[in-house]
Amino acid sequence: MSLTSTAHQLVTIASGGGEGGGNHESLNPYLIGAGAFLALMFLLWVTTRFNRDR
């Protein structure tokens, strides 16, 4: 397998290869976004609790 054929296959896979959008029907983008936001806010809260030297 040469470098050019490997690169071509990776580009084909990355572009979707003509398949569907890839989104699952049960995934709600608002729920995923809210969960990610809450996780980041929790991490920010934990970070500020440990940074009491200012």
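Me: In this predicted model, is L44 buried, partly exposed or exposed?
Reply: L44 is found in helix 2, which covers residues 29-50. Its relative accessible area is 47%. Buried means under 20% and exposed means over 50%. L44 therefore counts as partly exposed.

Me: Which nonpolar residues form a surface patch with L44, and what is their accessible area together?
Reply: The patch is nonpolar and lies on the surface. Its members are F37, L38, L40, M41, F42, L43, L44 and W45. Together they have an accessible area of about 880 Å².

Me: How many residues does helix 2 have, and what is its reach from first C-alpha to last?
Reply: Helix 2 has 22 residues. At 1.5 Å a residue, 32 Å is expected. The reach is close to that, at 32 Å.

Me: Which residue caps the N-terminal end of helix 2?
Reply: Helix 2 takes in residues 29-50. The backbone nitrogen of Y30 lies 3.2 Å from a side-chain oxygen of the capping residue. That residue is N28.

Me: Which residues does the UniProt annotation "transmembrane region" cover?
Reply: The annotation comes from an unreviewed UniProt entry. In the model, the annotated span is 100% helix and 0% strand. Its end C-alpha atoms lie 27 Å apart. The residues covered are 30-48.

Me: Is T12 buried, partly exposed or exposed?
Reply: T12 is found in helix 1, residues 3-14. A polar atom of its side chain lies 2.8 Å from the backbone oxygen of H8. The relative accessible area of T12 is 36%, and the limits are under 20% for buried and over 50% for exposed. So T12 is partly exposed.

Me: What is the count of buried residues in helix 1?
Reply: Helix 1 has 12 residues and reaches 16 Å, close to the 16 Å expected. This helix is hardly covered. Its count of buried residues is zero.

Me: What percentage of the protein's residues is buried?
Reply: The secondary structure comes to two helices and zero strands. The protein exposes about 5300 Å², with 67% supplied by carbon and sulfur atoms. Of its 54 residues, the buried share is 0%.

Key
Residues numbered from 1 in each chain as written. Predicted model: local features only at pLDDT ≥ 70, side-chain atom pairs only at ≥ 80, totals over all residues. Heavy atoms only, no water. Helix = DSSP H or I, 4+ residues; strand = E, 2+ residues; numbered from the N terminus. Buried < 20%, exposed > 50% of the residue type's maximum accessible area, 1.4 Å probe, protein only. Areas by Shrake-Rupley, 256 points an atom, 1.4 Å probe, with all protein chains shown as cover. Patch = residues over 30% accessible without salt bridge, like charges linked within 9 Å, V, L, I, M, F, W, Y side chains within 5 Å. Salt bridge = Lys/Arg side-chain N within 4 Å of Asp/Glu carboxyl O. UniProt positions renumbered as here; feature names shortened; annotations may be inferred. Polar contact = N/O pair within 3.5 Å; in protein donor to acceptor, adjacent residues only side chain to side chain. Expected span 1.5 Å × (residues − 1).
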